[in-house]
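Dear colleague,

Please find below the structure that I am handing over to you. The findings follow directly after it.

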Amino acid sequence: MDVRLVFLLLCAVVGGCAHPKLAAGAVASGGTGVVPVAANGTLPPPERSDLLAETRPYYIGPFDRLVIDVVGIEELSKKEVQTDAGGRISFPLAGIIEAAGKTPAEVEQIIEQRLRAAYVRDPQVTINLKEIVSQVVTVDGQVKQPGLYPVVGRMTLMRAVATAKGLDEFARLEDVVVFRTVNGQKMAGLYNLKAIRRGSYDDPEIYANDVVVVGESQARRLFKDGLQLLPAIVTPLILLLRR
């Protein structure tokens with residue numbers, strides 16, 4: 001078959017599969033926004049409150065691993081415990097503690113109260129997270145490293161994608177879906193990474209148990225697959241793809 005004919009057929013297939021390009025400023029959510037431009041081309045440093053706003057309390061869940069220390073009491077220090085399937089832990093002199101749904105600081109207070117009741121003078125308890133199992137986000141689709149990733153602190157959609165090593169070559173930025181369950185109701189939101197990068201709307205927050213799926217650009221995949229079928233040529237073929 002003539003090379004030019006094959007190329008024209010390939011262009012027709014790719015053009016039919018490509019999605020129409022979004023108009024300038026358009027976003028998948030329908031929102032619009034204005035991002036202020038810093039004066040003199042420099043960004044001001046964040047205030048302390050801005051840095052604290054990036055944090056989010058961590059809630060202990062099933063199968064998380066914790067390291068518990070009681071200051072000054074060697075027998076009760078560096079105790080590594082794992083919550084069971086119900087989110088419970090057992091600690092000497094404190095008994096069984098319902099840790100699921102509580103922050104490490106809240107569990108520290110419970111242990112301190114129980115140690116006081118067991119005649120431990122002025123106990124000071126610290127809990128550190130060693131392994132996070134329950135609070136994770138699933139990132140799937142056209143990313144370089146799909147998988148489960150822990151949610152510690154504040155996570156956003158862009159950060160979740162970056163945690164999965166970024167987008168792969170077939171990713172469709174206008175087609176990113178976040179699945180979430182709220183009060184037993186399954187919900188889904190469609191987002192446009194291009195629009196977020198432009199500042200058209202805020203980078204949405206991602207929470208534990210969310211599922212992020214990055215869509216695929218069929219046009220790009222068909223173009224790459226089609227090139228492999230073409231015979232060797234001496235001049236490059238250029239095809240403009242719209243994502």
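Tyr 119 counts as exposed, because its relative accessibility of 78% is over the 50% cut-off. Please note that this is a predicted model. Tyr 119 belongs to the loop that joins α3 to β5. Its phi is positive, at about 70 degrees, although Tyr 119 is not a glycine. As general background, most residues other than glycine have a negative phi.

Leu 93 also deserves a note on its backbone: its phi is positive, near 70 degrees, and it too is a residue other than glycine. Leu 93 sits in the loop between β3 and β4. With a relative accessible area of 54%, Leu 93 is classed as exposed.

**Overall content**

The protein contains six helices and twelve strands. Of its 243 residues, 34% are buried. Among contacts with a separation of 6 or more, 56% are made by residues 24 or more positions apart. The exposed surface of the protein comes to about 15,000 Å², and 56% of that area is supplied by carbon and sulfur atoms.

**Helix α3 and its surroundings**

Helix α3 covers residues 104–117. How far apart are the end C-alpha atoms of α3, and what span should its 14 residues have? At 1.5 Å a residue the helix should span 20 Å, and the end C-alpha atoms are 20 Å apart, so the two values agree.

The buried residues of this helix are Pro 104, Val 107, Glu 108, Ile 110, Ile 111, Glu 112 and Leu 115. In an α-helix there are 3.6 residues a turn, so residues three or four places apart point the same way. The buried residues of α3 pack against four strands, namely β1 (65–70), β3 (88–91), β4 (95–98) and β5 (125–131).

One residue of helix α3 may be taken as an example, Glu 112. Is Glu 112 buried or exposed? Its relative accessibility is 17%, which is under the 20% cut-off, and Glu 112 therefore counts as buried. Leaving out residues up to four places away in sequence, Glu 112 touches Pro 123, Gln 124 and Val 125. The C-alpha atoms of Glu 112 and Gln 124 are separated by 6.6 Å, while the two residues are twelve residues apart along the chain.

**Strand β3 and the loop before it**

Ser 90 is a residue of strand β3. Its relative accessible area is 47%, and Ser 90 is accordingly described as partly exposed. Apart from neighbours within four places in sequence, Ser 90 makes contact with Val 81, Gly 95 and Ile 96.

Gly 86 is located in the loop between β2 (79–82) and β3. It counts as partly exposed, at 33% relative accessibility. Which residues does Gly 86 contact, leaving aside its neighbours within four places in sequence? They are Glu 98 and Ala 100. The C-alpha atoms of Gly 86 and Ala 99 are 8.8 Å apart, with the two residues separated by 13 residues along the chain.

**The loop after β5**

Ile 132 is found between β5 and β6 (136–141), in the loop that joins them. A relative accessible area of 23% makes Ile 132 partly exposed. Setting aside residues up to four places away in sequence, Ile 132 touches Tyr 58, Asp 64, Pro 150 and Val 152. Phe 63 lies 69 residues from Ile 132 along the chain, and the C-alpha atoms of the two are separated by 7.9 Å.

**Pockets**

Rolling a probe the size of a water molecule over the atoms shows where empty space is left. The largest pocket holds about 280 Å³ of space. Its lining consists of 14 residues, and those nearest its centre are Arg 56, Tyr 59, Gln 135, Tyr 207 and Ala 208. By type, the lining of the largest pocket divides into seven nonpolar, four polar and three charged residues.

The second largest pocket has a volume of about 200 Å³. Ten residues line the second largest pocket, and Ile 196, Gly 199, Tyr 201, Asp 202 and Asp 203 are the closest to its centre. The lining of this second pocket is made up of four nonpolar residues, one polar and five charged.

With kind regards

Terms used:
Residues are numbered from 1 along each chain as its sequence is written. This is a predicted model: local features need pLDDT of at least 70, side-chain atom pairs count only at pLDDT 80 or more; totals for chains, interfaces and linings use all residues. Side-chain values use heavy atoms; hydrogens and water are left out. Helices (H or I, at least four residues) and strands (E, at least two) are DSSP runs, numbered from the N terminus. Buried means under 20% relative accessible area, exposed over 50%, partly exposed in between (1.4 Å probe, protein chains only). Contact means heavy atoms within 4.5 Å. Accessible areas come from the Shrake-Rupley method with a 1.4 Å probe; for residues, only the protein chains shown count as cover. On a 1 Å grid over the protein atoms alone, a cavity is a set of points where a 1.4 Å probe fits but cannot get out, and a pocket is an open set with protein on both sides within 12 Å along at least five of seven lines; lining residues have an atom within 4 Å of a point. Grid points are joined across faces, edges and corners, and a volume is the space filled by probe spheres set on the points. Ala, Val, Leu, Ile, Met, Phe, Trp, Tyr, Cys and Pro count as nonpolar, Asp, Glu, Lys and Arg as charged, and the others, Gly among them, as polar. The expected span of a helix is 1.5 Å times one less than its number of residues.
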